[in-house]
Amino acid sequence: MISVTAPLWIGLVFGMAFGGIGEIWGIGNPETLIRLARWKDRLLVGCLAIACAIGAVALYGLYALGISMHFSPKPMYIVGVVIGGMLFGVGMAISGYVPGSELMALGEGRRDALYALPGGLLGAAAWTILYQTVVGHWLLHTAGYGDLILSGSVHHIRPVFTFLIAAVYAVALLAAAAFLPRYSGGKSCLVQAARRQTDAHDQNSMSDTAAYLAEGGLAEDRPERLHSLMITDVPNSNFYSRTKLATSVFIGGLVVVAIFLHQIFGESTTYSWFVGRVFLPHLEYSSVVIKKIGWEPFSDIGTFLGALIAAVFISRHFQGFRPVIPPSWRNRFGTSAMKRAIGSFGGFFVMMFGARMADGCTSGHILSGGVQMAASAWVFAIAVVIGMITTARVVYGNASEKVPG
């Protein structure tokens, strides 16, 4: 089989592509993930479904053709993955950040991200300390089933059979994206296509999305062609709009290339690696992370740089670290910078602690795992959804998410 291992610096290129697209999608804006937690806007769900569908078919199709893939699905240990996933959802709903989006937010110049960063490092440190205890080992080794994908163990793949499973898997994910309305109360892609028009509710939601994404940004003197092709499509309620579909397919392909190059998409391991290198070098978990770390520190730097370039030159969403508070948060808690700082710090602490317990995050577990059809990815995703929706209902209640307040 054809096999390649990329030099670590290639991670910069992959990270820049990932960070740039994520920033343009608005993932660096905490309101985007808060609205997801409130189940008001499912942008990330639809786009990830398409990326995982295309990626899975490409991954296992290439493998069936004789191209070596360095599979690395996250192991399935139910207790740790479920509890970690729920904590991840809790922290995401409060902070509005996941590991990758926090780096995008730093590139976007968001003050929120400055509060979240130390919380994330402390969350990673807390798991590093807990890991070697009796509790930590219990979480990692209770109900452990190894590296499972939908066709069985990843160590015993039957190429053609697994490719056929991937094809069915892809059809299911693409259908889910077609039937799921992006906006709560809106219409699905299929209904819009049948009616050949956008519902009035979706139109209002699209306008509000454009408004919150533009809050606090730079003057809109970006190139008109880039604006037309990319930025105006972001609020579109159709997951299959030309630009949204193309970027989702690109992200799925990017994950496949990373796996071929003996790397994996992931953003949270770098936090533990940094903590281990600088503060806790002699602990057991630090040794584990330092030994297995790949290009993630490089890809995380690339994510930051890609988001910075996109925010300044394409989307014009660069904030300059001004005190811009997400609409859902300010409509519920007011404009206090201190309250928002506590929410960003505390939420990101809980989220990162959960991510390291479950051994992955949105990109490492759900995206990379989803492309590989990993069982752990779907257990983690379900736990995240339960944690984030429950928390959002308690934290935000019936407060409006609309920009005017």
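I'll start with the second largest pocket, where the lining is made up of 5 nonpolar, 6 polar and 4 charged residues. Keep in mind throughout that this is a predicted model. The space in that second largest pocket is about 380 Å³. It has 15 lining residues, and those closest to the centre are S72, K74, I264, K292 and E296.

Now the largest pocket. The volume here is about 450 Å³. What does its lining look like by class? There are 22 nonpolar residues and 3 polar ones, and no charged residues. The lining of the largest pocket runs to 25 residues in total, with V45, L48, I366, A381 and V385 nearest the centre. Five elements are named as giving two or more residues to this lining: helix 3 (43–64), helix 4 (78–95), helix 8 (159–179), helix 18 (362–371) and helix 19 (375–396). Which of them gives the largest share? That is helix 19, with 7 residues.

So much for the pockets; next, the enclosed spaces. The count is 5 cavities of 30 Å³ or more. The largest cavity holds about 210 Å³. Around the largest cavity there are 20 lining residues, and F18, I27, L44, M104 and T362 sit nearest its centre. The elements contributing two or more residues to that lining are helix 1 (10–25), helix 3, helix 5 (99–107) and helix 18. Helix 3 and helix 18 also appear in the list for the largest pocket. By class, the cavity lining has 14 nonpolar residues, 5 polar and 1 charged.

One residue to finish, V324. Where is it found? V324 is in the loop that lies between helix 15 (296–313) and helix 16 (327–333). Its relative accessible area is 21%, and buried would require under 20%, so V324 is classed as partly exposed. Leaving out residues up to four places away in sequence, V324 touches R110, D112, E215, G216 and Q319. How far is V324 from T362? The two are 38 residues apart in sequence, and the C-alpha to C-alpha distance is 25 Å. T362, to connect this with the earlier part, is one of the residues named nearest the centre of the largest cavity.

To recap the volumes, that is about 450 Å³ for the largest pocket, about 380 Å³ for the second largest pocket, and about 210 Å³ for the largest cavity.

Terms used
Residues numbered from 1 in each chain as written. Predicted model: local features only at pLDDT ≥ 70, side-chain atom pairs only at ≥ 80, totals over all residues. Heavy atoms only, no water. 1 Å grid on protein atoms, 1.4 Å probe; cavity = no way out; pocket = protein on both sides within 12 Å on 5 of 7 lines; lining within 4 Å. Points joined across faces, edges and corners; volume = space filled by probe spheres on them. Helix = DSSP H or I, 4+ residues; strand = E, 2+ residues; numbered from the N terminus. Nonpolar A, V, L, I, M, F, W, Y, C, P; charged D, E, K, R; others polar. Buried < 20%, exposed > 50% of the residue type's maximum accessible area, 1.4 Å probe, protein only. Contact = heavy atoms within 4.5 Å.
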